[in-house]
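Open the model in a viewer and keep the sequence panel beside it. The stops below are given as selections, each followed by what is there.

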Amino acid sequence: MVQCEMCGTETASPNRVKIEGAELDVCDECTEFGTEVKTDSGSSSTSTKYSTSSSSSSDSSSSTSTGGTSTGGGRRRDIYDEMDEIAPDYDERIRNARESAGLTQDELAKQLNEKASLIRKLEHGETLPADEVREKLERGLDISLTTSGGGDETEWESDDATGGYTLGDVVERKDS
């Protein structure tokens, strides 16, 4: 028995449907929410044709667009791995660098051609700096407001015997 990916009902023969761009295995009742996907029994499940009335040669280009994305095992590459992240203590870094440079918030704002209210909000941690403002602050105060995005990959372990992860396995609470 398989669970319906929409409602969770146990079903012996799930139907493959496309709902808002996602292909799901659903029960008979949830099939009406999407478009049924027909697969050729002689070929692999990656070549699918949709059972819409307007199936013509225009569908063939969209069905081949997913080819070549599989890396053949291992961890999938994520574009966010190489990105720098704003440091959690960016507000303290800005304030400390400004004070050690002997500048007021107004003077720093004029130097960077930004509003003093933005500098205040950044130093209080009320807003994150946009990339352009972050670069100005880093150049103007000779500091780094980012932490490297890659290389600090944490492997999470679940307490569950099945090995599945829950949000509680990965979340870190700030109030503790």
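Contact here means that heavy atoms lie within 4.5 Å. With that cut-off, the buried residues of helix 5 pack against strand 7, helix 2, helix 3, helix 4 and strand 8 (146–147). The model is predicted, and residue numbers run from 1 along the chain as its sequence is written.

**Stop 1: helix 5**

Select residues 131–141, which make up helix 5. Colour Val133, Arg134, Lys136, Leu137, Glu138 and Leu141, which are the buried residues here. Charged residues are among them, including Arg134 and Glu138.

Now show the side chains of Arg134 and Glu138. They meet in a salt bridge, with N to O at 3.0 Å. The two residues are four apart in helix 5, about one turn of the helix. In general, an α-helix has 3.6 residues a turn, so residues three or four places apart point the same way. Both partners, Glu138 and Arg134, are buried.

Add Glu135 to the selection. Its side chain meets that of Arg134 in another salt bridge, at 4.0 Å from N to O. Is Glu135 buried, partly exposed or exposed? Glu135 is partly exposed, because its relative accessible area is 37% and the partly exposed class runs between 20% and 50%. Arg134, in contrast, has a relative accessible area of 15% and is buried. Add Asp131 as well: salt bridges with shared partners join Asp131, Arg134, Glu135 and Glu138 into one network. Across the whole structure, a search finds ten salt bridges.

**Stop 2: the end of helix 5**

Move on to Asp142, which follows helix 5 and sits in the loop between helix 5 and strand 8. Its phi is positive, about 55°, although Asp142 is not a glycine. With 71% relative accessibility, Asp142 counts as exposed. To put a distance on this region, draw a line between the C-alpha atoms of Glu135 and Leu145: these residues are ten apart along the chain, and the separation is 8.7 Å.

**Stop 3: helix 2**

Select residues 90–100, which form helix 2. Which of its residues are buried? They are Tyr90, Asp91, Ile94, Ala97 and Arg98. Look down the axis: these residues cover an arc of only 140°, which puts them on the same side of helix 2. Their cover includes strand 7 (85–86), helix 3 (105–112), helix 4 (116–123) and helix 5.

Next, pick Arg98 and Glu99. They form a salt bridge in which the closest N and O atoms are 3.9 Å apart. Arg98 is buried, with a relative accessible area of 9%, whereas Glu99 is partly exposed, at 46%. Past the helix, select Gly102, which follows helix 2 and has a positive phi near 75°.

**Stop 4: the nonpolar cores**

Show Ile94, Leu108, Ile119, Leu122, Leu137 and Leu141 as spheres. These have the most contacts inside the largest nonpolar core, which has 13 residues. Helix 2, helix 3, helix 4 and helix 5 each supply at least two residues of this core.

Centre the view on Leu108. What does Leu108 touch, leaving aside residues up to four places away in sequence? Its contacts are Arg98, Leu103, Ile119, Leu137 and Leu141. Arg98 is thus met again, the buried salt-bridge partner from the previous stop.

Another core lies apart from this one; it has seven residues, among them Val17, Leu24, Val26 and Cys27.

**Stop 5: Glu20**

From that second core, select Glu20, in the loop between strand 3 (15–19) and strand 4 (22–26). Check its backbone: phi is positive, about 50°, although Glu20 is not a glycine. Glu20 is exposed, with a relative accessible area of 82%.

**Stop 6: a surface patch**

Finish with Ile79, Tyr80 and Met83, which form a nonpolar patch on the surface. Together they have about 340 Å² of accessible area. Tyr80 is found in the loop between helix 1 (58–63) and strand 7. At a relative accessible area of 53%, Tyr80 is exposed, because that class begins over 50%.

How values were computed
This is a predicted model: local features need pLDDT of at least 70, side-chain atom pairs count only at pLDDT 80 or more; totals for chains, interfaces and linings use all residues. Side-chain values use heavy atoms; hydrogens and water are left out. Buried means under 20% relative accessible area, exposed over 50%, partly exposed in between (1.4 Å probe, protein chains only). The arc is that of the directions from the helix axis to the C-beta atoms. Patches are made of residues with over 30% relative accessible area and no salt bridge: like charges are joined within 9 Å, nonpolar side chains (Val, Leu, Ile, Met, Phe, Trp, Tyr) within 5 Å. Accessible areas come from the Shrake-Rupley method with a 1.4 Å probe; for residues, only the protein chains shown count as cover. A nonpolar core is a set of buried Ala, Val, Leu, Ile, Met, Phe, Trp, Tyr and Cys residues joined through side-chain atoms within 4.5 Å.
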